[in-house]
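Here are some notes to read alongside the model, written for someone meeting it today. Take the points in any order you like.

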Amino acid sequence: MKSDIEIARSIELTKIKQVARNYDIPVDEIENYGRYIAKVPHRLIDEEKVKKSHLILVTAITPTKAGIGKTTVSVGLALGLNRIGKKAICALREPSLGPCFGMKGGAAGGGYAQVLPMDKINLHFTGDFHAITSAHNMITALLDNYMYQNRDNGFALKEVLWNRVLDVNDRGLRYIVTGLGGKTNGLTRESGFDITPASEIMAILCLATDEKDLRRRIENILLGFTIDDQPFTVKDLGVAGSICVLLKDALSPNLVQTTEHTAAFVHGGPFANIAHGCNSVLATKLAMTFGDYVVTEAGFGADLGAEKFYDIKCRKSGLQPQLTVIVATAQGLKMHGGVPVDEIKQPNREGLWKGLANLDKHICNLQSFGQTVVVAFNRYANDTEEEIQLVGDHCKDLGVGFAVNNAFAEGGNGAVELAQLVVDTIENQPSTPLQLAYDDADSVEAKVSKVASHLYGAAYTTYSLAAKKKLQMVHKLGFDHFPICIAKTQYSFSTDAKRYGVASGFEFHVRDIVLNAGAEMLVIVAGDIMRMPGLPKEPQALHIDIVDGEIEGLS
């Protein structure tokens, strides 16, 4: 079979204005970024049409390091829905350069279920990530300058909470010292870099409802505390307007197409292990304005992405999926069943059976939110019919819908079974109200405990001295009502990345709490998770090149 980028190049793309026409998106309103990409203004959102559209969330079991193929299934499901006569659109996150050149490669789907042009989407795209990076670091530079210029006036921050960001995996920048080399180089202080998807600006962009809300949230960003213990914000710095200028174009969602010319909105890109892991509210609502069925996904496993989709994105936007699809693979199930990672491509009925416990835990968690759940078995070439049958029979015993997804190899035809299952389930099972994991009025400790104990399986929760100090700060500032965004490893229910399967009875240790006053959420940093990833021994960058004018190695 051809590589992802060979498949992408083999498809003759439709001009983006024609894609827009096919979905009744006013072409005189869109702004072209070349022939095949466009920005669509959020003012086209029609809340009445949003209410009538069917929103479908795609999530997954706890992933392997190679992933589970959630984006491929999301794109494939949209293709399959169109194949059975439904007007479907997918709403996805933008890829980050970090994993694209690092561990996983690209994030535009795969095989014959991709969003296109995949090379541009995986690389600089419309510049949204660059705008977010620039806006974040502009605040840092303006803050440093403010402290430097006003140092003789008695102004100082006793604690600076705002770091820098970069969309590159660079472990060497996690902790740095700035202002070295002389008085004119600024104030010497400790700082550090997070990856751009972890930026509070990224979260704000994905949660903002319009320009006014964007400005309000940026003004509320907490930068630090003065020597008299008063909060110092972007509003105090007086630069919210200039930051909004940098984000003006980035706020508009991006319209592209799939391998079968289905419309796709790709906008925003927070990671789910260190941020809230969902594409923008604006992109989702635009898709729901122009599509009768909208397929969206949330990053990593359901314990991270789906939980945050419900508890943060849905809580804040009023959105509610009518159904959640959970993606499983034979390889992932075998890994969670105790099969060594280098053997998971080989048949192993016993390992697969044991690994179903991970799937069951996720299904139970999703149902606790009041969601109807169906299982999509994402098929790989080395999967056996016996393995597929085993998973299918198990889902039948659970009373959960099951379908095989083969969109990677067959495009929309390979997802017709899944699409029909999704439509039949939505039409035959009435949607129940979303039941969130915790209430706004719960204490921060109670919120963390409810997620860690009920969804992860932790026996108890502990806090470092730094985290306890932040809890006091949260209470003093009146941020107790904010939802929580837990940052932890994506490879386990626990904080131990190698504890596969279903972890239980473990200590859930909170190392730090990051106050995102603009995004209006509290990032709970647990275990040894890093908000700036590092590169692996053999990064994907080693395989990316230009050959005869064509990009090779993107996947």
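**Notes on a predicted model**

1. Let us begin with one pair of residues: Ile56 has Leu323 of strand 17 as its bridge partner. Please keep in mind that this is a predicted model. The pair belongs to a parallel pairing of strand 3 (residues 54–60) with strand 17, made over 5 bridges.

2. Strand 17 has a second neighbour. It runs parallel to strand 18 (residues 373–378), and 5 bridges join the two. Here Ile326 stands opposite Val375 in strand 18. As general background, the strands of a sheet pair through backbone hydrogen bonds, in either the parallel or the antiparallel sense.

3. Is strand 17 enclosed or open to the outside? Strand 17 (residues 323–328) is largely enclosed by the rest of the structure, because 6 of its 6 residues are buried. The cover extends to both faces: Leu323, Val325 and Val327 are buried on one side, and Thr324, Ile326 and Ala328 are buried on the other.

4. Strand 23 (residues 521–526) is another mostly covered strand, with 6 of its 6 residues buried. Met521, Val523 and Val525 point one way from strand 23, while Leu522, Ile524 and Ala526 point the other way, and all are buried.

5. Now for the partners of strand 23. Strand 21 (residues 484–487) runs parallel to strand 23 and is joined to it by 4 bridges. Within that pairing, Ile486 has Ile524 as its bridge partner. Strand 22, in contrast, pairs with strand 23 in the antiparallel sense, over 6 bridges. In strand 23, Val523 is the residue that Val514 stands opposite.

6. The link between strand 22 and strand 23 deserves a look of its own. The two strands form a hairpin with 4 residues between them. In the turn, Glu520 has a positive phi of about 60 degrees.

7. Strand 22 (506–516) also appears in the lining of the second largest pocket, whose volume is about 870 Å³. Of the 31 residues that line this pocket, Leu161, Asn163, Lys470, Asp512 and Val514 are the closest to its centre. Val514 is thus worth finding twice, since we met Val514 above as the residue opposite Val523.

8. Which element gives the most to the lining of the second largest pocket? Strand 22 does, with 6 residues. The elements that give two or more residues to this lining also include strand 7, strand 10 (189–191), strand 11 (193–195) and helix 20 (465–477). By class, the lining divides into 14 nonpolar, 6 polar and 11 charged residues.

9. Strand 7 leads us to an open sheet of 3 strands, with the order 7-12-13 and antiparallel pairing. Its edge strands are strand 7 (157–160) and strand 13 (231–233), each of which pairs on one side only. From one strand to the next, the twist averages 35 degrees. Strand 7 and strand 12 (residues 222–226) share 3 bridges in the antiparallel sense, and Leu157 has Thr226 of strand 12 as its bridge partner.

10. There is also 1 cavity of 30 Å³ or more. The largest cavity has a volume of about 80 Å³. Its lining includes Glu94, Pro95, Leu97, His124 and Asp167. Helix 7 (residues 128–149) provides the largest share of the lining, 3 residues. The classes here are 6 nonpolar, 2 polar and 3 charged residues.

11. How many disulfides does the structure hold? The count is 0. For Cys90, the closest cysteine sulfur is that of Cys278, and at 15 Å it is too far for a bond, as a disulfide needs two sulfur atoms within 2.5 Å. Cys278 is in no disulfide either, with the nearest cysteine sulfur, that of Cys314, 7.8 Å away. Cys90 counts as buried because its relative accessibility is 0%, and Cys278 counts as buried at 0% too.

12. A last residue to look up is Gln420, in helix 18 (residues 416–428). Gln420 counts as partly exposed because its relative accessibility is 33%. Gln420 and Ile84 are 336 residues apart in sequence, yet their C-alpha atoms are 7.4 Å apart in space.

How values were computed: Residues numbered from 1 in each chain as written. Predicted model: local features only at pLDDT ≥ 70, side-chain atom pairs only at ≥ 80, totals over all residues. Heavy atoms only, no water. Buried < 20%, exposed > 50% of the residue type's maximum accessible area, 1.4 Å probe, protein only. Pairing = 2+ DSSP bridges. Axes fitted to C-alpha atoms, helices over the stretch in contact; angles between N-to-C directions. 1 Å grid on protein atoms, 1.4 Å probe; cavity = no way out; pocket = protein on both sides within 12 Å on 5 of 7 lines; lining within 4 Å. Points joined across faces, edges and corners; volume = space filled by probe spheres on them. Nonpolar A, V, L, I, M, F, W, Y, C, P; charged D, E, K, R; others polar.
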